[in-house]
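Student: I am new to this structure and would like a close look at a single part, the surroundings of a bound ligand. Please set that part beside the rest once it has been described.

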Amino acid sequence: MKMRSTNQIPIKQGGSSKAIITVSALLAASIFSIYYLKLSFIDMVMGLPNFIMFFFQKFFPANLENIKEYIPLVIDTLGYAVIATYISSIVAFILGILISEHTNKFKPLRVFVRGFISILRNIPFIIWGALLVYIFGIGGIVGVIALILVTVGFLGKSYAESIDEISGDKLEALQANGASYFQILFHGVIPQFVPAWINWTLFSFEINVRASTVIGLVGAGGIGVLIDTNINLFNYGEALTIITVIVCIILVTEYVTNSIRSRIA
Amino acid sequence: ATTAEAESGNGEWPESITLVQMPDENNPTEAATMHTSLKEHISEELGIEVQEFDGGSYAVGIEAMAAGNLDVMLASPMSYYQAKQKAGAELLVTPVVPGGTEYYTDFVTQADNEDINSLEDLKGTNFAFVNAASSSGYLYPKATLVQELDLDPDKIEQSGYFFENVVFSEGHPNSLMGVAMGDYEAAAVAHQVMEMMGESDSFNPDDIKVIGRTSNIPDASYIVRGDLPEDFKKALKDAFVSFENEEYFEALHGDAGTRFEATEADYYDPAIEMLDTINALEDVQE
Amino acid sequence: MERIRVTSKGSAVKSILTAFILVTVFIGSIKLVNLDVQKFFERLENVPAVIGRMMVIDLSVIPNALLACLTSLSLAFLTLVVSVIIAMLLSFLAARNITPSNYLANFIKAFFAVIRSVPGLVWGLMVIASLGFGYTSGFIAMLLSSIGYLIKLFTGSIEEVGTDIVEAMRSTGASWFNIVFHGLIPLCITSFFGWITVRFEGDVAESIGLGIIGVGGIGLLLTKAIGAYDYAQTTTILIVICLLMLVLEFSMTKLKTMVKYGESR
Amino acid sequence: MEAVLSIRDLVKVYGKETRALNGISLDFYPGEFIVVIGPSGAGKSTFIRCINRLVDPTEGDIVFDNQHMEKFSGRKLRDQRSKIGMIFQHYNLVSRTNVIKNVLHGQLSNTPLYKSLLGLYSQQDKQEAVELLKKVGLEDQMYKRADALSGGQMQRVGICRALLQRPKILLADEPIASLDPVSANIVMQQLHSISIEKQLTCVVNLHQVDYAKRYASRIIGIKKGEVVFDGSPAQLTDSMVRDIYEGKESQMTLQNKGGAAQAVANEDGKVSGAEQ
Amino acid sequence: MEAVLSIRDLVKVYGKETRALNGISLDFYPGEFIVVIGPSGAGKSTFIRCINRLVDPTEGDIVFDNQHMEKFSGRKLRDQRSKIGMIFQHYNLVSRTNVIKNVLHGQLSNTPLYKSLLGLYSQQDKQEAVELLKKVGLEDQMYKRADALSGGQMQRVGICRALLQRPKILLADEPIASLDPVSANIVMQQLHSISIEKQLTCVVNLHQVDYAKRYASRIIGIKKGEVVFDGSPAQLTDSMVRDIYEGKESQMTLQNKGGAAQAVANEDGKVSGAEQ
Ligand SMILES: Nc1ncnc2c1ncn2[C@@H]1O[C@H](COP(=O)(O)OP(=O)(O)OP(=O)(O)O)[C@@H](O)[C@H]1O
Ligand SMILES: Nc1ncnc2c1ncn2[C@@H]1O[C@H](COP(=O)(O)OP(=O)(O)OP(=O)(O)O)[C@@H](O)[C@H]1O
Ligand SMILES: [Mg+2]
Ligand SMILES: [Mg+2]
């Protein structure tokens with residue numbers, strides 16, 4: 001048989017030169033970075049015990065004295081997070097639809113929106129904070145806007161990714177029915193999108209809870225900013241308490257996310 | 001501070017030291033290159049390696065000093081006190097500008113607010129401090145209020161005691177904008193921040209009225225880890241004092257005549273006493 | 001005439017109830033944090049003035065900015081490479097449809113939820129106290145949260161892709177690693193690309209925040225420009241950052257489409 | 001009689017090289033029941049999907065209902081599409097939505113958005129949907145989610161959806177591939193009788209020559225993107241069938257040559273059997 | 001002869017109520033070619049998927065190769081599974097990977113991870129993969145990505161993947177649903193001849209009774225999760241077939257009753273035709 005003579009059977013065509021080039025480029029860039037930044041992996045390993053020691057020596061025991069005073073702050077934090085999550089999930093959904101190829105065939109708009117939310121993500125929060133304070137002064141509204149800015153950039157991208165994942169098949173059937181753009185959107189895209197939507201939205205809630213540190217920086221209430229203050233005052237025990245409170249909120253969110261997702265998947 | 005003790009026990013000089021600059025309103029973008037000249041100078045004088053970083057948080061710096069990872073840093077009176085308690089820090093040198101500089105905090109309100117004209121009038125207002133850990137934005141103005149109006153330092157933040165309500169704006173510019181736009185009736189804002197924001201047109205100085213000020217806050221000083229060998233600290237001090245790069249001082253302190261001068265051990269004492277009157281030092285234990 | 005329902009019995013009640021709860025929570029939150037919407041609209045008139053003030057540039061800072069960008073980018077890149085490798089492994093352990101053990105999956109998810117919720121300052125403090133100042137510390141501080149984020153993002157994507165591939169490969173007796181490397185990675189790789197870009201931006205943004213713990217780069221430069229109220233420099237640095245990130249975003253999108261529809265080999 | 005659908009020189013090129021359709025010209029008349037047969041990869045699916053523009057043809061004219069399909073877009077295209085029902089090989093249901101809603105999707109183009117969102121389809125539509133579901137034996141699964149159905153059940157939902165459109169022409173891409181023979185026959189018969197009853201033109205891709213012969217009023221053979229047969233079932237001789245599928249045969253290994261020939265013979269045997 | 005696979009009292013309940021399998025007991029012997037038929041929703045897919053534990057049975061024993069499948073997990077389960085080939089109704093290929101790699105996935109369980117990652121499958125495996133692909137006429141598509149193939153082509157890749165496992169038993173869930181008759185015949189014939197050649201037990205779900213009769217050495221009829229027929233093709237009489245699919249018929253609307261009966265009659269006609 002012919003097979004016998006060709007003893008090499010490649011399992012892909014065109015050789016693997018592309019993969020080799022990619023891998024070596026990545027490797028070269030990594031080595032350059034390590035060299036350029038003078039990273040020391042020995043230091044990292046050596047520092048590990050100190051790192052753990054520091055945590056247990058300084059932060060423990062947690063200081064629960066003021067825990068009652070945190071309750072209104074926790075509620076504030078949750079309030080801001082809820083409002084910001086609602087608004088940004090709506091805004092981000094619209095943007096997400098405009099970014100996804102499946103739902104927006106008009107390329108220039110796609111590129112524009114993609115660039116827009118990329119800028120939202122890439123301008124650091126301190127800048128947004130300064131801008132917002134100069135425009136709106138100080139207070140809750142600024143806090144909410146700040147949170148929305150933090151979230152929309154991320155959420156818009158996440159939504160778009162998930163909408164892209166929803167296969168074109170189902171949309172095709174509705175298309176063939178003569179359904180309008182919005183009908184395809186509401187009857188085809190959205191039902192399929194629900195699990196991902198819940199996942200990302202609750203993740204953005206988590207981001208918003210965590211971001212209560214930054215909204216403090218524009219003068220809105222919330223508990224996160226107390227972590228920085230307490231650390232700067234060397235009250236590690238109290239900082240640990242606040243971190244624990246935030247961690248609990250986030251773990252509950254994570255738990256809710258997972259259980260809703262496994263129920264409706 | 002375990003490693004530090006081991007190092008200093010036999011009085012040997014360290015092989016390298018780490019110097020950390022702290023955020024300072026007058027650090028321009030070129031500061032990175034400027035600081036390099038200081039670093040090189042010290043390195044030459046002492047014959048050891050000097051590493052120089054820009055820090056952002058006093059707490060991080062002080063913990064790093066306590067852990068022996070940082071040797072010299074720029075500090076305010078409060079952070080010096082904390083560093084002394086936590087890491088046994090000592091004062092080293094202070095940059096002294098020929099004409100003398102004045103750092104202080106203003107109490108401000110809206111220009112058209114007829115009701116508030118002095119510190120007493122602040123009673124019953126909505127007032128903004130910067131942040132509970134800030135010297136110029138909280139500790140000094142609070143001490144001023146306590147001393148001048150004879151208030152109980154532990155109750156100032158309570159609503160209805162003196163102020164109607166107290167908020168922490170988390171930034172001098174935030175406080176200033178909050179007052180300019182009428183979100184608060186009054187606030188304590190570092191004078192220097194006001195000047196800089198005015199120069200950059202960030203707000204209209206006509207919107208704001210100054211109704212009082214704190215006493216002068218001493219200049220920030222370099223502090224050094226206390227458990228280094230005495231002769232090393234001495235040599236380090238000399239190295240700073242002998243630094244005469246005029247470009248450097250012009251860029252950083254706005255006056256080519258500025259020089260580092262050795263800091264007296266009691267330089268910060270008045271300031272620290274003042275902090276003590278508002279019980280700010282209680283929490284800082286070893 | 002008999003009424004024909006479109007949804008099963010009780011599901012309408014359920015939807016109304018859900019909607020009601022969602023709206024109540026939203027309104028409750030707004031009441032709670034005292035949003036002054038009127039003030040917001042009044043102050044919108046400040047927008048042109050503030051934006052106008054930002055509209056200046058200072059080209060002299062560009063060389064410095066580019067150099068600092070190189071530093072930030074190499075730090076972000078290195079963090080990314082390491083965290084992508086670690087996060088990939090862990091996220092396959094944590095994804096519901098492929099995890100070897102649900103307990104392990106939940107543990108990983110919860111553990112990194114905790115890691116994500118510890119603020120940057122706390123990491124910075126602990127890392128610097130144990131490792132000292134420098135890029136090594138910056139690397140570690142960024143690595144942890146970067147892994148935390150990527151795991152969340154990756155597991156989301158893995159859980160979204162079809163289980164039929166897992167099924168087919170399982171039925172050949174393929175091991176867990178085989179299913180992951182030969183089945184899921186080729187399937188998920190495009191969405192991973194998307195997340196990697198998001199996280200690269202996140203790492204760059206974080207390296208900006210790391211100015212606090214003495215890590216240089218574009219972040220420090222920016223922080224100083226802001227601190228000095230130098231709008232021209234701030235705007236210029238921002239433009240540099242945004243341009244850089246836009247280039248990155250679009251080249252990654254390009255790469256993604258190449259992998260997705262790419263040459264059939 | 002005037003053609004409902006008239007196709008001229010249809011060409012579809014995928015990517016740079018794959019010529020899936022290579023110049024197809026056909027006229028379809030009202031009430032015709034057309035079955036398209038051809039080997040795997042011949043371009044049957046592509047052909048059917050070009051008709052309602054799910055695939056954009058590279059060249060050629062498609063005149064449906066006196067209008068040039070290939071020129072439309074937006075609202076006009078949707079209106080045209082709503083007159084063309086389609087049944088998919090892989091059902092293409094919205095898997096997280098229940099059965100009756102999936103069927104009602106067939107009437108989306110005639111229902112304002114807000115009504116469809118609130119589930120306010122017209123009573124007539126709902127009634128018809130329920131009747132269609134009953135017809136295919138799914139009345140018990142009406143409120144189940146589409147992804148909890150077996151393959152065959154899903155396909156029947158897809159058929160109901162297409163019929164609810166009350167289309168002028170019905171396209172079907174291997175509609176009975178996953179059905180058991182009884183269901184398959186019933187579905188084909190329903191399509192057939194609807195086609196006669198309402199003078200509805202049906203274009204159905206099939207792999208089963210016997211079904212094609214049994215139900216079609218006209219059979220079209222496609223091979224390598226070209227029409228190689230167009231005529232009544234009676235005209236489709238055994239040698240014709242062999243011809244249509246021939247390319248495949250020679251693709252098979254030599255070793256299997258005998259087997260393949262045998263298979264085609266069997267096939268023919270079966271076909272003629274079904275003809276009895 | 002000893003049974004390769006022996007199933008006792010197999011029950012599968014989905015959710016709380018759907019009893020997909022309702023106590024099935026069967027023994028399969030080496031070299032048997034078993035075709036499972038039954039109406040849509042009868043539980044055929046569920047049955048086949050229980051054998052290699054893609055679906056975990058609710059109750060019952062599955063003894064394969066003298067070992068209790070239902071007790072295994074981890075490495076042991078994988079070893080068992082690697083001896084069971086499976087062909088899926090919807091192909092289940094890794095769409096972004098090329099054809100030959102998809103086929104080689106069949107040998108993953110015998111290839112160390114680092115080798116498979118570097119593409120270092122054994123020469124023998126690669127050779128066999130190429131030969132299998134040639135057999136089904138796909139040698140030209142070897143380096144195409146799986147998602148660029150037509151339905152029929154994909155299915156053939158899936159079959160190659162299963163055969164490359166060199167399994168002891170081969171499960172197939174409607175393997176020819178999307179194939180044209182010639183390919184379908186060739187595939188069935190290949191499965192059939194491999195089954196004889198290697199004494200390989202094949203369990204195939206089919207909807208086409210004629211194919212079942214032509215190829216099976218034994219036919220099993222499943223209805224509502226229970227075995228209602230088990231015997232040689234010759235024993236499967238026309239009335240038996242009607243019986244198996246009967247439930248369906250009565251599910252159809254009365255209006256179609258005549259049509260359905262007619263359909264079954266046709267079906268039988270066809271079957272006997274194929275038998276000739
Ligand atoms: N999206 C696509 N991109 C590239 N090539 C494609 C695409 N879809 C189909 N093809 C190719 O076009 C040709 C015709 O495919 P088509 O699906 O129309 O065949 P078919 O007759 O429906 O086959 P089957 O009976 O297997 O479904 C095939 O060679 C196929 O590989
Ligand atoms: N994942 C699932 N969850 C709930 N019910 C299911 C699930 N899979 C199948 N069923 C139900 O179990 C029954 C048997 O389904 P199965 O897929 O085994 O039928 P089948 O005989 O293969 O049908 P077909 O010929 O249409 O493929 C059906 O009533 C179906 O609705
Ligand atoms: Mg097709
Ligand atoms: Mg099935």
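Tutor: A polar contact here is a pair of N or O atoms within 3.5 Å. The model is a predicted one, and the part to look at is ligand 2, which lies between chains D and E.

With that cut-off in hand, start with E:Lys44: a polar atom of its side chain is 2.8 Å from an oxygen atom of ligand 2. The side chain of E:Thr46 has an N or O atom 2.5 Å from an oxygen atom of the ligand. E:His207 also takes part, with a polar side-chain atom 3.0 Å from an oxygen atom of ligand 2. On its own, ligand 2 would expose 640 Å², and the protein buries 80% of that area. Three elements each give two or more residues to the shell around ligand 2: α6 (151–164) of chain D, and β2 (18–28) and α1 (44–51) of chain E.

How many residues surround ligand 2, and which are the closest? There are 19 of them, and the closest are E:Ser40, E:Gly41, E:Lys44, E:Ser45 and E:Thr46. E:Lys44 and E:Thr46 thus appear in two ways: they are on the list of the closest residues, E:Lys44 has the 2.8 Å approach, and E:Thr46 has the 2.5 Å approach. By class, the shell around ligand 2 has five nonpolar, 11 polar and three charged residues.

Ligand 1 can be set beside this site. Residues from chains D and E surround ligand 1, so this site is shared between chains. The shell of ligand 1 holds 18 residues, and the closest are D:Ser40, D:Gly41, D:Lys44, D:Ser45 and D:Thr46. A polar backbone atom of D:Gly43 is 3.0 Å from an oxygen atom of ligand 1. Two side chains come in as well: D:Lys44 has a polar atom 2.9 Å from an oxygen atom of ligand 1, and D:His207 has a polar atom 2.9 Å from an oxygen atom of that ligand. Ligand 1 has 630 Å² of accessible area on its own, of which the protein covers 79%. Here the elements that give two or more residues to the shell are β2 (18–28) and α1 (44–51) of chain D, together with α6 (151–164) of chain E. The shell around ligand 1 divides into five nonpolar, 11 polar and two charged residues.

The two sites can be read side by side through their elements. For ligand 2, β2 and α1 come from chain E and α6 from chain D. For ligand 1, β2 and α1 come from chain D and α6 from chain E.

Away from the ligands, the rest of the structure can be followed through its chain contacts. Eight pairs of chains touch, and the pair with the most contacts is A and C. Chain B does not touch chain D, and their nearest C-alpha atoms are 43 Å apart. Chain B does not touch chain E either, with the nearest C-alpha atoms 43 Å apart.

The contact between A and C takes 86 residues from chain C and 80 residues from chain A. Together these two chains bury about 7,300 Å², with 71% of it on carbon and sulfur atoms. On the side of chain C, the residues that lose the most area to chain A are C:Met126, C:Lys152 and C:Glu160, together 8% of what that side buries.

Charged side chains also meet across this interface. Side chains of opposite charge can pair when their charged atoms come close. Over all chains, the whole structure has 35 salt bridges, and three salt bridges cross the interface of chain C and chain A. C:Arg116 forms a salt bridge with A:Glu206 at 2.6 Å, N to O. That pair runs from helix α5 (residues 102–117) of chain C to helix α9 (residues 181–210) of chain A. C:Arg116 also forms a salt bridge with A:Glu254, at 3.4 Å, N to O. Eight residue pairs are in polar contact between chain C and chain A. Helix α11 (residues 231–261) of chain C gives the largest share of the side that touches chain A, 14 residues. That side of chain C consists of 54 nonpolar, 16 polar and 16 charged residues.

Terms used: Residues are numbered from 1 along each chain as its sequence is written. Chains are lettered from A and ligands numbered from 1 in the order in which they are written. This is a predicted model: local features need pLDDT of at least 70, side-chain atom pairs count only at pLDDT 80 or more; totals for chains, interfaces and linings use all residues. Side-chain values use heavy atoms; hydrogens and water are left out. A residue is near a molecule or strand if one of its heavy atoms lies within 4 Å of it. A polar contact is a pair of N or O atoms within 3.5 Å; within protein, one must be able to donate a hydrogen and the other to accept it, and residues adjacent in sequence count only if both atoms are side-chain atoms. Accessible areas come from the Shrake-Rupley method with a 1.4 Å probe; for residues, only the protein chains shown count as cover. Helices (H or I, at least four residues) and strands (E, at least two) are DSSP runs, numbered from the N terminus. Ala, Val, Leu, Ile, Met, Phe, Trp, Tyr, Cys and Pro count as nonpolar, Asp, Glu, Lys and Arg as charged, and the others, Gly among them, as polar. Contact means heavy atoms within 4.5 Å. Buried area is the accessible area (1.4 Å probe) that two parts lose on being put together, summed over both. A salt bridge is a side-chain nitrogen of Lys or Arg within 4 Å of a carboxyl oxygen of Asp or Glu.
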